[in-house]
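Me: I have a protein model open and would like to go through it by question and answer. Shall we begin with the space inside?

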Amino acid sequence: MTAEHAAIGLIVVPMASAIVALILRERQAAALTVAAGGVQAWLSSSLAPLILEQGAVRYAVAGWGAPLGIDLHIDGLSTVMLIVTSVVGVVVTLYAAAYFAPGSDPAAGRKPVAQAGAFWPLWLFLWGALNALFVSGDLFNLYVTLELVTLAGLALIGLRRQTAALAAALRYLFAAMVGSMLYLLGIVLLYGSYATVDWELLGQSVRGEAATICAAALMVVGLALKTALFPLHFWLPPAHANAPSPVSAVLSGLVIKGSFFLILRLWFYVFPQVVTIGAGNLLAMLGAAAIVWGSLQALRQRRLKLMVAYSTVAQVGYLFLVFVLAAGETTTLAWRGTICFAFAHAFAKGAAFLSVGALSEAVGSDELDRWRGLAHREPVAVFAFGLAGVSLMGLPPSGGFIGKWLLLEAALQHGQWGLALVILLGGVLTSIYVFRAVTATFDSDAVPHVRPVPEIMRWIPLALAFCATLLGVATGWLLQLLDVGAPLPVVLDDPS
Amino acid sequence: MLTHGDLFALCGAVLFGIGLFGILACRHLVRKVIALNLTSTSVFLIMIALSIRTPDGSPDFVPHAMVLTGIVVSLSATALALSLIRRLHRETGQWELPDVLPFDSTRRTPAGAAGYSVVDEESRVQRSADGEATDDR
C-alpha cells in the first residue's frame with residue numbers, strides 16, 4: 001500500500017460504490033455505503049504514517065502528467081482533511097441508515113422518508129468528490145471537484161422536496177454558482193499569465209502583476225462566498241437548517257471545510273508573494289464580524305437547527321483569522337490552531353446536528369419550547385449535544401479548546417488584541433446559546449411525551465462528541481502530520 | 001492594436017458582468033438560470049480567447065479541454081437548477097423564491113403560511129397533492 005494507492009482508493013471506492021448504489025435497493029445501498037465508509041476509514045488512517053515518513057507526495061494519475069493529465073498532491077493538510085472526512089462520514093452513514101429506515105413498528109409512529117433511496121448514491125458522490133478535492137494537484141481539477149461537492153450537496157438538501165428546503169437549495173445554488181464562476185475566472189486569468197494551472201508550479205512562478213492580483217481577489221471572494229464568510233453567509237442558515245439531519249452534519253462539518261481548504265491552498269501555496277497585509281486584515285475583520293454576528297443571531301433563534309446553523313456561521317469566522325495571524329513567527333502556531341479548530345469543529349458540529357436530529361424526532365419539532373424537560377426522556381442525546389457544545393465553546397478538554405488556545409496565543413504574540421478579545425467573546429456568546437438550550441431540557445415541570453428513537457441515533461452523536469473531546473488530549477499526531485508540507489512563514493508585503 | 005483574441009476576451013468580460021447583474025437582479029428564477037449560463041459561457045469565451053495567443057500561431061489545446069469540462073459542469077448545474085425550480089413551482093405555484101424574510105425563527109409563522117419556515121421533523125413524509133407518498137428518483 002503506497003500513499004498514491006491509498007489516495008486513488010479514497011477517490012475510486014466511493015465513486016464506484018455510488019454508481020452501484022444507484023441500482024441497489026435502499027437497504028442494500030445503505031449496507032454498501034457503510035462498507036465503503038469502512039474501507040475509506042482504513043485507507044485514510046493508513047495514509048497518515050505513509051505521509052509522515054515520505055513527506056508530501058505528488059502523483060500523476062495513470063502516468064499521464066500535467067498539463068493534460070491530472071496530478072494528485074498529498075501532503076499533511078490533505079491527509080488531515082481526508083481523515084476527518086472518513087471518520088465523520090462513517091459516523092454519519094451509520095446515523096443515516098437509522099434515520100432513513102422505516103421503523104419496524106409502524107404503530108410506534110416512525111414514518112418513512114420519501115426519496116430516502118436517493119440519499120445513498122448522492123452521499124457517496126459527495127464523499128468521493130470531497131476526497132478528490134483534498135488531494136487534487138491542479139486548480140482546474142479543484143474547480144471540478146468543488147462543483148461536484150456543491151451539486152451533490154444541493155441534491156441532498158432538496159431531498160425532502162418541501163418548499164423551505166427547495167427554496168434554501170435554490171438560494172445555495174445561486175450563491176455557490178456565482179462563487180464558482182468567480183473562482184473559474186481567476187483560473188482563467190492565471191492560466192493566461194502563467195500557462196499552467198498546477199498550483200505548485202504557480203506558487204513558484206507567480207509575480208505581483210495586475211492580472212495575478214485580480215485573479216487572487218476573484219478567487220478568494222468566490223471561495224469566501226462558498227464558505228459563507230460574513231457578509232456572504234446569507235445562504236447558509238436556511239440551507240443547513242432545512243436539510244435532513246445527517247445532510248446538515250455533513251454540510252456544516254465537511255463541505256464548508258472543502259472550500260476553506262481551497263482558500264488555504266491559494267493563500268499559502270499559490271499567492272504568498274501577492275497577498276498583502278490589507279487583504280489579510282480584511283479577511284480577519286470579516287471573520288471577527290462573523291464570530292460576533294453569527295453568535296448573536298444564534299442567540300435569537302427559537303428553532304434549534306437554525307441556531308446550530310448560525311453557530312456554523314460564527315465558527316467559520318474563527319477559521320478566517322489565520323490570514324492575518326499566520327505571518328512571520330506565528331505562522332506555525334496559527335496554521336496548527338486553525339486546522340485543529342476545523343478538525344474539532346467538524347466533529348462537534350456533526351455531533352450537534354445529529355443530536356438535534358435525534359431529539360427533534362423524539363419530540364416532533366426542533367422548537368426550543370417543545371424541548372422543555374427533554375433531558376429526562378432522552379438523556380444520552382442531550383448529553384451529546386452538551387458535549388458538542390463544550391467543544392464549540394472552546395472549553396477544555398476539547399479539540400475546540402486546543403484550536404482556540406493556539407489562535408489566541410498567535411493573536412497575543414502578534415499584538416492583535418482586538419482579535420484576541422473577539423475570540424474570547426465568541427466563546428462567551430456560544431456558551432450562552434448552548435447553555436440556554438441545554439438548561440431548557442432540564443426543566444422538570446414539563447416533561448414531554450416522546451416518540452421512540454432508534455438506539456443508534458442517540459449514541460452516534462455521543463460518539464462524535466466524544467471524538468471532539470478526545471481531540472483535546474490527543475493532538476500530538478495531528479500537529480505532527482500538519483508539519484508535513486506546512487507553508488513556510490509568510491512575510492506579508494508591508495505597503496509602507 | 002487589439003487582436004481578435006483580445007476582442008473576444010473583452011466581450012467575455014462584458015458578458016460576465018451582464019450575467020452577474022442578471023443573477024443578482026432578476027427575480028424570476030428561470031431568468032436567473034439564464035444569467036448564470038451567460039456568466040459561465042462568458043468565462044469559457046475568455047478561456048478560448050486565451051488559447052489563440054501562442055507564439056507559433058497554432059492554438060493551445062489545454063483551454064479547449066478545460067472549456068469542454070466546464071460546459072459539462074455548467075450543464076449539470078443548469079439541469080439541477082431547473083429541476084429544483086420546477087419542483088418549487090409545483091409546490092408553491094411561484095416562479096420566484098419566497099420572500100427573503102429574516103430566516104430566523106424569532107417570529108412565529110403559522111403553519112402553512114407561504115412564508116419562509118423551517119421544515120418540521122414531523123412532516124418528514126412527503127405527500128403529493130393527491131395524498132400518496134411519491135417515490136421517484
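Me: Which class, nonpolar, polar or charged, has 8 residues in the lining of the second largest cavity?
Reply: This is a predicted model. The lining of the second largest cavity has 3 polar residues and 1 charged residue. The 8 others asked about are nonpolar.

Me: What is the volume of the second largest cavity?
Reply: The search of the whole structure finds 4 cavities of 30 Å³ or more. The second largest cavity holds about 70 Å³.

Me: Which helix of chain A gives the most to the lining of the second largest cavity?
Reply: Helix 4 (119–135), helix 5 (139–157) and helix 10 (245–270) of chain A each supply at least two residues of this lining. Among the lining residues are Val255(A), Ile256(A), Gly258(A) and Ser259(A). With 4 residues, the one that gives the most is helix 10 of chain A.

Me: How is the pair of Phe134(A) and Phe261(A) classed?
Reply: The ring centres of Phe134(A) and Phe261(A) are 5.0 Å apart, and the planes meet at 85°. Planes over 60 degrees apart count as edge-to-face. So the pair of Phe134(A) and Phe261(A) is edge-to-face.

Me: How many residues apart in sequence are the parts that this pair ties together?
Reply: Phe134(A) lies in helix 4 of chain A. Phe261(A) lies in helix 10 of chain A. So the pair ties together parts whose separation in sequence, in residues, is 127.

Me: Is Phe261(A) buried or exposed?
Reply: Buried means under 20% relative accessible area. Phe261(A) has a relative accessible area of 2%. So Phe261(A) is buried.

Me: What kind of pair do Tyr172(A) and Trp235(A) form?
Reply: The ring centres of Tyr172(A) and Trp235(A) are 4.3 Å apart, with the planes at 5°. Planes under 30 degrees apart count as stacked. So the pair of Tyr172(A) and Trp235(A) is stacked.

Me: Where does Trp235(A) lie?
Reply: Its partner Tyr172(A) lies in helix 6 of chain A. The pair ties together parts that are 63 residues apart in sequence. Trp235(A) lies in the loop between helix 8 and helix 9 (236–242) of chain A.

Me: What span is expected for helix 8 of chain A?
Reply: Helix 8 of chain A runs over residues 210–226 and has 17 residues. From its first C-alpha to its last, helix 8 reaches 24 Å. That is close to the expected span at 1.5 Å a residue, which is 24 Å.

Methods. Residues are numbered from 1 along each chain as its sequence is written. Chains are lettered from A and ligands numbered from 1 in the order in which they are written. This is a predicted model: local features need pLDDT of at least 70, side-chain atom pairs count only at pLDDT 80 or more; totals for chains, interfaces and linings use all residues. Side-chain values use heavy atoms; hydrogens and water are left out. On a 1 Å grid over the protein atoms alone, a cavity is a set of points where a 1.4 Å probe fits but cannot get out, and a pocket is an open set with protein on both sides within 12 Å along at least five of seven lines; lining residues have an atom within 4 Å of a point. Grid points are joined across faces, edges and corners, and a volume is the space filled by probe spheres set on the points. Ala, Val, Leu, Ile, Met, Phe, Trp, Tyr, Cys and Pro count as nonpolar, Asp, Glu, Lys and Arg as charged, and the others, Gly among them, as polar. The expected span of a helix is 1.5 Å times one less than its number of residues. Rings of Phe, Tyr and Trp (its six-membered ring) pair if their centres lie within 6.5 Å; planes under 30 degrees apart count as stacked, over 60 as edge-to-face and the rest as tilted. Buried means under 20% relative accessible area, exposed over 50%, partly exposed in between (1.4 Å probe, protein chains only).
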